[in-house]
Amino acid sequence: MNEEYLWDKSGEPDPEIQQLEQILGALRHQPKPLDLSDEVQPRSRNRYLPLIAIAATLLIAMIAGALWLRVRSKTVPQLNNVRIESPKRQQDIPNIDDKKTNDILATVPGKPNREPRPKVKEVKHSRTLEASNMTAVERQQALEAKEQLMIALRLTSEKLNLAHRKAQGASENQIRNQHKVG
Amino acid sequence: MKLLFHRITRALLISALFVIAATITTHAQDPRIRLAHLDHLATKASETVDVNIDERLIQLAAKLFNDKDEDEAKIKKLVNGLKGIYVKSFEFDDENAYSPADVDSIRSQLKEPAWSRLVNVTSKRDGIVEVYLALNGPDVLGLAVLSAEPKELTIVNIVGPVDLEKLAKLEGNLGIPDLGIQPGKHKTKNEQ
């Protein structure tokens, strides 16, 4: 065997070496463009991940903002929604007037089967400095708000009073029962 | 560059989580009760009182209270710190016009730890009256009153630092009856 053939392919080739060359020749490097389609594609998807994350974050922030605005808008009162619905009551309250506010409150909410509501103390309103700075619209809104405020306070105090009386009544009954048992 | 993208992504995701968590926490601490779902009762009711006053309107209304008048000054002081007053009251001609589910829908919003039940009076004949306070340590964040009588359903929700002491001082003024609440003594039914 000529070893020069193995070194630089000069001289007489060995048939076995030639056979091996033929078999392994199929695996020889063949220059061609790099094809990474199968391996690289998932990585190319990863390239968009930050953009997707940014978009998702913005979307979440927008949803959170929208929810916040919705909750906020619910808290914004619409005076048109503030209502006391009763045919009788509407007759009783033909016009909202600053001077008559307390009188109106005395009739609201009227329940004939209950103890009469305490008479509202008549208060003469002198124009405060803050009130005098209001526009006509603001003043109207303020008057309506004041009326609603007083109704709410009246109802709240009425219910608190009721709770207090009932709680007291319950405890008195308990004491009475304890005496009976004792 | 890739590392920078990863860091930005992580920071944005964490920020988004913070925003969501803050939104949820804020909503959880809000002593405002949802009452809108009770609107259907208005069609059955013979009388409906629906009051929605937010902080801006309270402040606007407070401007009309005369500081020189003792009674009005007291009310002005009472409402000044409040952030909202919401009332729904339905009065019916017949009994059982509202369902226990309507009451439960309110009660389910008044759970601990956000709310503490101050008074609970239940009577087969007269229905129930429950008074709740939203507390954050010693601070009062809100008040809720649930009154369910056979022919009447009333829910009061006051958002803000309700000062019961001031409320007690308000007793008897402008037609507001004596509540019998002593300053600094907030008794529950069991304590009495």
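Strands here are DSSP runs of E, at least two residues long, numbered from the N terminus. With that in hand, select β3 and β4 of chain B: the two strands form a hairpin with 3 residues between them. The model is predicted.

**Stop 1: the β3–β4 hairpin, chain B**

Select residues 115-123 for β3(B) and residues 127-136 for β4(B). The two pair in the antiparallel sense over 8 bridges. Which residue of β4(B) is the bridge partner of B:R117? Show B:Y132 and you have the partner of B:R117. Now move to B:S123, which stands opposite B:G127 in β4(B).

**Stop 2: on to β5, chain B**

Keep β4(B) selected and add β5(B), residues 139-149. This pairing is antiparallel too, over 9 bridges. Thus β4(B) pairs with β3(B) and with β5(B). For a register check, pick B:V129; the residue opposite in β5(B) is B:S147. The link from β4(B) to β5(B) is again a hairpin, with 2 residues between the strands. Click B:G137 in that turn: phi is positive, about 70°.

**Stop 3: chain B as a whole**

Colour chain B by secondary structure. You should count 5 helices and 6 strands. From the N terminus on, the order is α-β-α-α-β-α-β-β-β-β-α. Chain B has 192 residues, and 36% of them count as buried. Take the contacts between residues at least 6 apart in sequence: 57% join residues at least 24 apart.

**Stop 4: helix α3, chain B**

Select residues 70-80 of chain B, which make up α3(B). Which residues of this helix are buried? They are B:E72, B:I75, B:L78 and B:V79. Look down the axis: these residues cover an arc of only 120°, so they sit on the same side of α3(B).

**Stop 5: the nonpolar core**

Nonpolar side chains tend to be buried together in soluble globular proteins. Here the largest nonpolar core has 57 residues. Show A:L149, A:A152, B:I58, B:A61, B:I85 and B:A144, the residues with the most contacts inside this core. Both chain letters appear in that list. Next select residues 136-181 of chain A, helix α8(A). This helix gives the core its largest share, 12 residues.

Zoom in on A:L149. What does A:L149 contact, leaving aside neighbours within four places in sequence? The contacts are B:I53, B:I58, B:A61, B:V79 and B:I85. B:V79 was also among the buried residues of α3(B) at the previous stop.

**Stop 6: chain A as a whole**

Now colour chain A by secondary structure. There are 8 helices and 1 strand. The order from the N terminus on is α-α-α-α-β-α-α-α-α. Buried residues make up 18% of the 182 residues in chain A. Among contacts between residues at least 6 apart in sequence, 42% join residues at least 24 apart.

**Stop 7: two positive phi values**

Most residues other than glycine have a negative phi. Two residues to click go the other way.

- A:K9 has a positive phi of about 60° and is not a glycine. Find A:K9 in the loop between α1 (3-8) and α2 of chain A. Buried or exposed? A:K9 counts as exposed because only 10 C-beta neighbours lie inside 10 Å, and the cut-off for exposed is 12 or fewer.
- B:N96 also has a positive phi of about 60° without being a glycine. Find B:N96 in the loop between β2 (84-91) and α4 (100-107) of chain B. With 9 C-beta neighbours inside 10 Å, B:N96 counts as exposed.

**Stop 8: colour by pLDDT**

Switch the colouring to confidence. Chain B averages a pLDDT of 79, and 77% of the residues score at least 70. Chain A averages 68, with 53% of the residues at 70 or above. Within chain A, compare two helices. α2(A), residues 15-25, has the highest mean pLDDT of the elements, 89. α5(A), residues 87-92, has the lowest, 41.

Then select the stretches where pLDDT stays under 50:

- Residues 76-82 of chain A, with 14 contacts beyond four places in sequence in the model.
- Residues 86-127 of chain A, with 56 such contacts.
- Residues 175-192 of chain B, with 50 such contacts.

Where pLDDT is low, the predicted coordinates should not be read in detail. For the complex, the predictor gives an ipTM of 0.73 and a pTM of 0.56.

Definitions and conventions. Residues numbered from 1 in each chain as written. Chains lettered and ligands numbered in written order. Predicted model: local features only at pLDDT ≥ 70, side-chain atom pairs only at ≥ 80, totals over all residues. Pairing = 2+ DSSP bridges. Helix = DSSP H or I, 4+ residues; strand = E, 2+ residues; numbered from the N terminus. Buried ≥ 20, exposed ≤ 12 C-beta atoms within 10 Å, placed from the backbone. Contact = placed C-beta atoms within 7 Å. Arc of directions from axis to C-beta. Core = buried A, V, L, I, M, F, W, Y, C linked by C-beta atoms within 7 Å. pLDDT = per-residue confidence, 0-100.
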